[in-house]
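The exercises below are meant to be worked with the sequence and the 3D view side by side. Try each task before reading the solution that follows it.

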Amino acid sequence: MKYVCAICGYVYDEEKEGVPFSELAESWTCPGCGAEKAMFDPVQETAEKETVSAAAADDGLRALSPRAMSMVFSNLARGCQKQYRPEEEALFRKLSDYYLSHSSEGAAEDEKELAALVSAHLKTFFPQAEKAASENGDRGALRARLWANKTELMIQSLLSRYEKEGEAWLENSRIWVCSVCGFIFIGDRLPAVCPVCKVPDWKFELVD
Amino acid sequence: MEKKAVRNLRLCTKDCLCLYVCPTGATDTENSIIDVSRCVGCGDCAAACPSGAISMVPAVYPEQQEKKEEVCFALNALIEAKAEEEMTAASLARKTEKVGLRRLMKAVTVSARLSGEDLAREAGYMLPQGSPALALLKALRDNPPSDDFPLNETNRIIEAFKGE
């Protein structure tokens, strides 16, 4: 039996490893990306996709919130940066900052609320976006959704591990974020390429 | 299609061949950014660069592939989801006194922003000079959301991209 990591695609082959997947310690993590054991699915099993209600698409009809607008504008600033247009980049940053300063503050009491939010989003908005993108043959949208979905799964896995192991786990661990896709890696040695978007390791930035 | 040379500073190894081959001196600048006003688009610098640090890009970018309304709606909902996570993680990072958790929350804040930006790119906002971005800027110019809205900056962007 084989098991595959939902984030980076690493395959655990019981036959080659000689140890049944179920007998691996709960603290075992993916050798490819560091995800928790729970992120692995058996390969044979064809996961039945949850049907997505079309009604949920209405949520996107609302005008974007100030923080989402801030994201739109910081993205456009990046677009200017890629084109080597620092003046326009700075102007878009002003717009992004304006919307950020008008954004609501989070009211969550602890990280468990964030974990609940992440799990809810993984069940709703991600499959809805996949459905809309694939029905319209939009491969660019499919790509962005896939990367965001994998980084989201990693966030879910990290929050779950933090809940189990607490501060002791992070005390001597370094935290990195891929500056391209947002994938978070915790550990001493970065993988040579990002497990999600495949950029080289120098594109990762250390969080301190 | 008219082209312009751009240099990726992360790849540039300062072999400086572009300085030798450029017929107009556009590659020789104090900030290492190729001077587009001097670049004639001949491509000699890109061909000579041993590090592949120079690319030829169109002087006027093509429009992004058309986005279907349904896709934009679904991606906008996802951008909102990432915005909510950024908001939550940022406030937890500020509130907590646990050092490890603060770093983790900072990482989630950064990550949520990057995902949100990438999704915005696919929701029609890839090009800062593209039609959806300009339409948004013009709508905001005509109906500023508040008194402290950066109207001047908005007008300057619209002006800068005029004719592109």
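**Exercise 1. Cysteines**

How many disulfides does the rule count over all chains?

Solution. The model is a predicted one, and over all chains the count of disulfides comes to zero. To see how this arises, take Cys39(B) and look for its closest cysteine sulfur, which belongs to Cys45(B) at 6.3 Å, too far for a bond. Next take Cys42(B), whose closest cysteine sulfur is also in Cys45(B), here at 6.2 Å and again too far for a bond. Since a disulfide requires the two sulfur atoms to be within 2.5 Å, neither of these pairs qualifies. The surroundings can be added as a last step: Cys39(B) is buried at a relative accessible area of 10%, whereas Cys42(B), at 41%, is partly exposed.

**Exercise 2. The contact between the chains**

Describe the side of chain B that touches chain A, beginning with the residues that each chain gives to the contact.

Solution. Begin with the residue counts, which are 75 from chain B and 84 from chain A. The area buried between chain B and chain A is about 6,800 Å², and 65% of it lies on carbon and sulfur atoms. Turning to specific interactions, the interface holds 29 residue pairs in polar contact, counting pairs with both residues at pLDDT 80 or more. On the side of chain B, the elements giving two or more residues are β1 (3-7), α3 (69-95), α4 (99-122), α5 (131-142) and α6 (151-160). Of these, α3(B) provides the largest share, with 23 residues. Sorted by type, the residues on this side of chain B are 40 nonpolar, 11 polar and 24 charged.

**Exercise 3. Salt bridges within and between chains**

Which parts of the structure are joined by the salt bridges of Glu26(A), Glu153(B) and Glu165(A)?

Solution. As a general starting point, side chains of opposite charge can pair when their charged atoms come close. The structure holds 23 salt bridges over all chains, and eight are found across the interface of chain B and chain A.

Step 1: Glu26(A) pairs with Lys37(A), with the closest N and O atoms 3.4 Å apart. Both residues lie in the loop between α1 (14-17) and β3 (40-42) of chain A, so the salt bridge ties together parts 11 residues apart in sequence. The two partners differ in accessibility, for Glu26(A) is exposed at 60%, while Lys37(A) is buried at 7%.

Step 2: Glu153(B) pairs with Lys94(A), and their closest N and O atoms are 3.8 Å apart. This pair crosses between chains, running from helix α6 of chain B to helix α3 (residues 86-101) of chain A. Glu153(B) counts as buried at 14% relative accessibility, and Lys94(A) as partly exposed at 46%.

Step 3: Glu165(A) meets Arg161(A) in a salt bridge with an N to O distance of 3.0 Å. These residues are four places apart in helix α6 (residues 139-165) of chain A, which means that about one helical turn separates them. Here Glu165(A) is partly exposed at 35%, and Arg161(A) is buried at 17%.

Step 4: Beyond single pairs, a network of salt bridges links Asp138(A) and Arg143(A) with Lys67(B), Asp118(B), Arg121(B) and Glu122(B).

**Exercise 4. Chain A and one of its loops**

What pattern of helices and strands does chain A follow, and which residues does Lys203(A) contact beyond its sequence neighbours?

Solution. Chain A has seven helices and six strands, in the order β-β-α-β-α-α-α-α-α-α-β-β-β along the sequence. Its C-alpha trace spans about 60 × 45 × 40 Å along the principal axes, and 50% of its 208 residues are buried. Now locate Lys203(A), which sits in the loop between β5 (184-186) and β6 (204-207) of chain A and is partly exposed at 29% relative accessibility. Leaving aside neighbours within four places in sequence, Lys203(A) is in contact with Val177(A), Cys178(A), Ser179(A) and Val180(A). For Val180(A), the separation from Lys203(A) is 23 residues in sequence and 7.1 Å in space, C-alpha to C-alpha.

**Exercise 5. Positive phi in chain B**

Where in chain B do Lys14(B) and Cys16(B) lie?

Solution. Lys14(B) is in the loop between β1 and α1 (17-21) of chain B, and Cys16(B) is likewise found in the loop between β1 and α1. Although not a glycine, Lys14(B) has a positive phi of about 55°, and Cys16(B) has a positive phi near 65°. Cys16(B) is partly exposed, with a relative accessible area of 28%.

Methods
Residues numbered from 1 in each chain as written. Chains lettered and ligands numbered in written order. Predicted model: local features only at pLDDT ≥ 70, side-chain atom pairs only at ≥ 80, totals over all residues. Heavy atoms only, no water. Contact = heavy atoms within 4.5 Å. Buried area = accessible area lost by both parts, 1.4 Å probe. Salt bridge = Lys/Arg side-chain N within 4 Å of Asp/Glu carboxyl O. Polar contact = N/O pair within 3.5 Å; in protein donor to acceptor, adjacent residues only side chain to side chain. Nonpolar A, V, L, I, M, F, W, Y, C, P; charged D, E, K, R; others polar. Buried < 20%, exposed > 50% of the residue type's maximum accessible area, 1.4 Å probe, protein only.
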